[in-house]
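Reader: I should like to understand how the terms used for a protein model are applied. May I put some questions to you?

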Amino acid sequence: MRTNLKTLGIAAAVSIYAMPAFAAEEVKIGVPSWTGAQAIAHVLGAVVEMRIGGKVEYVPGNNATIFQAMDQGKGDIDVHPDVWLPNQESFTKKYVDEAGTVTLSSNPYEGNQGFCVSKDFGEANNITDIADLGRPDVAALMDSDGNGKGEMWIGAPGWASANVNEVKTRDYGLLDFVEPVRAEESVKTARIKDSIAKGEGYAFYCYKPHAVWYMFDVQMLSEPTFDPAKYVMVQPSDDPDWYSKSSVATKDALKNVQIAWSNTLPDRSPAVADFFANFALTADDVSGFAYEISGKGRDPAEVAREWVEANPDRVDAWLGL
């Protein structure tokens with residue numbers, strides 16, 4: 001009996017030392033407020049927990065907070081799950097290009113940004129272009145609080161895109177008719193649902209991928225074709241006088257969207273960093289995640305774990321297996 005116990009003890013010790021090095025790895029994943037970012041954050045976390053055997057902590061934060069933490073490299077936040085470029089270019093220039101403290105993935109998916117209305121509202125009032133929101137009759141239909149201006153959601157507090165949209169609202173000549181509103185995305189989603197149910201007018205910043213395309217019958221308005229000469233955007237992180245120094249009177253270019261992580265992560269959690277370097281999603285993947293979370297009200301962690309279990313081949317490729 002003593003021999004058997006000794007043998008078992010040796011076997012257990014060998015087993016412990018033979019475990020993969022990444023079994024004890026840890027990562028703190030930044031979680032911005034928009035649904036797509038939340039979904040991707042939990043997919044990253046699910047792979048780390050389910051396939052790498054690591055420990056994950058989710059840390060809510062805006063773009064500035066997440067990039068600053070990655071720059072410091074202390075492990076307070078290790079990864080940003082959804083970097084939209086050029087929207088967040090002020091951060092990538094500062095921390096990726098200049099400081100060299102953050103790595104940007106080379107596997108982006110494509111994003112498209114604009115402004116939307118419901119198809120019923122658009123068709124009933126011949127609204128097809130961003131300039132149509134500046135018509136007095138349309139603005140009146142979008143005025144839910146009686147202040148003489150129609151409300152248009154331009155994004156959530158802390159979003160770089162909301163700053164762009166605030167400048168666009170001015171430079172498209174809409175400020176006499178439209179009131180730009182910043183609020184959390186959940187407020188926007190509830191307002192879309194309510195406006196459609198009541199047959200009211202409402203306009204809002206929209207982008208692909210996103211759950212809204214599955215949740216409601218909406219249409220993106222046309223804008224002037226992207227022209228870099230007419231797209232001069234200075235973010236608040238670069239200049240406190242950003243609003244007056246910016247000029248944007250053109251549609252955004254199509255976006256590259258990818259993850260970014262702290263350059264200290266490979267030393268602390270090399271297997272996680274290797275996984276991040278291989279990680280890649282499509283816009284359809286992200287729209288599907290967002291619909292499950294926003295449209296169906298499901299828990300992001302549950303959706304992510306379910307997806308990881310259903311797509312072993314893709315996860316294997318990310319892990320180099």
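**Terms and values in the chain**

Author: Buried residues make up 48% of the 321 residues in the chain; buried means under 20% relative accessible area, exposed over 50%, and partly exposed in between, with a 1.4 Å probe and protein chains only. This is a predicted model, in which local features need pLDDT of at least 70, side-chain atom pairs count only at pLDDT 80 or more, and totals for chains, interfaces and linings use all residues. Residues are numbered from 1 along each chain as its sequence is written, and side-chain values use heavy atoms, with hydrogens and water left out.

Reader: Why is Ser 118 called buried?

Author: Ser 118 has a relative accessibility of 10%, and therefore counts as buried. Ser 118 lies in strand S5, residues 109–118; strands (E, at least two residues) and helices (H or I, at least four) are DSSP runs, numbered from the N terminus.

Reader: What does Ser 118 touch, leaving aside its neighbours within four places in sequence?

Author: Ser 118 is then in contact with Ile 196, Tyr 202, Asp 217 and Val 218, where contact means heavy atoms within 4.5 Å. In addition, the side chain of Ser 118 reaches the backbone nitrogen of Phe 121 at 3.1 Å. A polar contact is a pair of N or O atoms within 3.5 Å; within protein, one must be able to donate a hydrogen and the other to accept it, and residues adjacent in sequence count only if both atoms are side-chain atoms.

Reader: What makes Lys 119 and Asp 217 a salt bridge?

Author: A salt bridge is a side-chain nitrogen of Lys or Arg within 4 Å of a carboxyl oxygen of Asp or Glu. The N to O distance between the side chains of Lys 119 and Asp 217 is 3.6 Å, so the pair qualifies. The pair links distant parts of the chain, 98 residues apart: Lys 119 is in helix H5 (residues 119–124), and Asp 217 is in the loop between helix H9 (212–215) and strand S9 (218–220).

Reader: Why is Lys 119 described as partly exposed?

Author: Its relative accessible area is 31%, so Lys 119 falls in between the cut-offs for buried and exposed.

Reader: How do you know that Lys 251 has no salt bridge?

Author: The nearest side chain of opposite charge, Glu 223, is 4.3 Å away from Lys 251, and the limit is 4 Å, so no salt bridge is counted. Lys 251 is nevertheless buried. A polar atom of its side chain lies 2.6 Å from the backbone oxygen of Gln 113. Lys 251 is found in the loop between strand S11 (247–248) and strand S12 (255–262).

Reader: Which residue meets Glu 223 in a salt bridge?

Author: Lys 168 does, at 3.0 Å from N to O. Lys 168 is in helix H7 (residues 160–171), and Glu 223 is in the loop between S9 and strand S10 (231–232), 55 residues apart. Both Lys 168 and Glu 223 are buried.

Reader: What makes Asp 239 buried, and how is Lys 245 classed?

Author: Asp 239 has 17% relative accessibility and so counts as buried, whereas Lys 245, at 46%, is partly exposed. Their side chains meet in a salt bridge of 2.7 Å, N to O.

Reader: How many salt bridges does a search of the whole structure find?

Author: The search finds 23 salt bridges. Glu 292, Lys 296, Arg 298, Glu 302 and Glu 306 are linked in a network of salt bridges.

Methods:
Lys, Arg positive; Asp, Glu negative; His and termini not counted.
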